[in-house]
Amino acid sequence: MKIIEDNVFEYSSIETLLIPAHLDQIGKECFKNAKKMANISVSVKNNRFSYVNSQALIYKCDDNFDILLVSSRSYKEITISSYVKQIN
């Protein structure tokens with residue numbers, strides 16, 4: 001799988017997501033209202049995504065631009081790093 005299309009998990013009851021090694025892109029609003037999302041894992045072989053501090057899934061666009069895709073719903077508050085330039 002290379003791409004997860006827009007809105008795929010919108011309003012879903014998904015709780016756990018594993019980002020495989022070859023995933024390159026996650027569409028816009030993919031996790032909108034996925035209120036049970038609590039566990040996210042990223043393959044160590046995937047260099048496009050990272051799960052920072054077990055709180056936020058980050059997509060690496062280039063060396064100076066990262067996008068926050070989703071945060072774990074188990075946190076009431078997270079800290080967003082300065083390198084995040086967009087929240088999707």
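Is cysteine 30 buried or exposed? I started my notes with that one, and cysteine 30 counts as buried, at 2% relative accessibility.

**Entry 1, the model.** I am working from a predicted model, so I checked confidence early on. The mean pLDDT of the protein is 84, and 93% of the residues reach 70 or more. I then looked up where confidence is highest and lowest. Strand S2 comes out highest, at 91, while strand S7 (residues 65–71) is lowest, at a mean of 73.

**Entry 2, the cysteines.** Back to cysteine 30, and on to disulfides. I used a cut-off of 2.5 Å between cysteine sulfur atoms, and by this rule I get zero disulfides. Cysteine 30 is in no disulfide; the nearest cysteine sulfur belongs to cysteine 61 and is 15 Å away. Next I asked myself: why is cysteine 61 without a bond to cysteine 30? The closest cysteine sulfur to that of cysteine 61 is the one in cysteine 30, and at 15 Å it is too far for a bond. I also looked up the accessibility of cysteine 61, which is 27%, so this residue counts as partly exposed. Cysteine 30, at 2%, is buried.

**Entry 3, leucine 18.** My last stop was strand S2 (residues 16–19), where I found leucine 18. Is leucine 18 buried or exposed? I noted a relative accessible area of 60%; as the cut-off for exposed is over 50%, leucine 18 is exposed. I also took a C-alpha distance from here: leucine 18 and asparagine 39 are separated by 8.4 Å, and they lie 21 residues apart along the chain.

Methods: Residues numbered from 1 in each chain as written. Predicted model: local features only at pLDDT ≥ 70, side-chain atom pairs only at ≥ 80, totals over all residues. Heavy atoms only, no water. Buried < 20%, exposed > 50% of the residue type's maximum accessible area, 1.4 Å probe, protein only. Helix = DSSP H or I, 4+ residues; strand = E, 2+ residues; numbered from the N terminus. pLDDT = per-residue confidence, 0-100.
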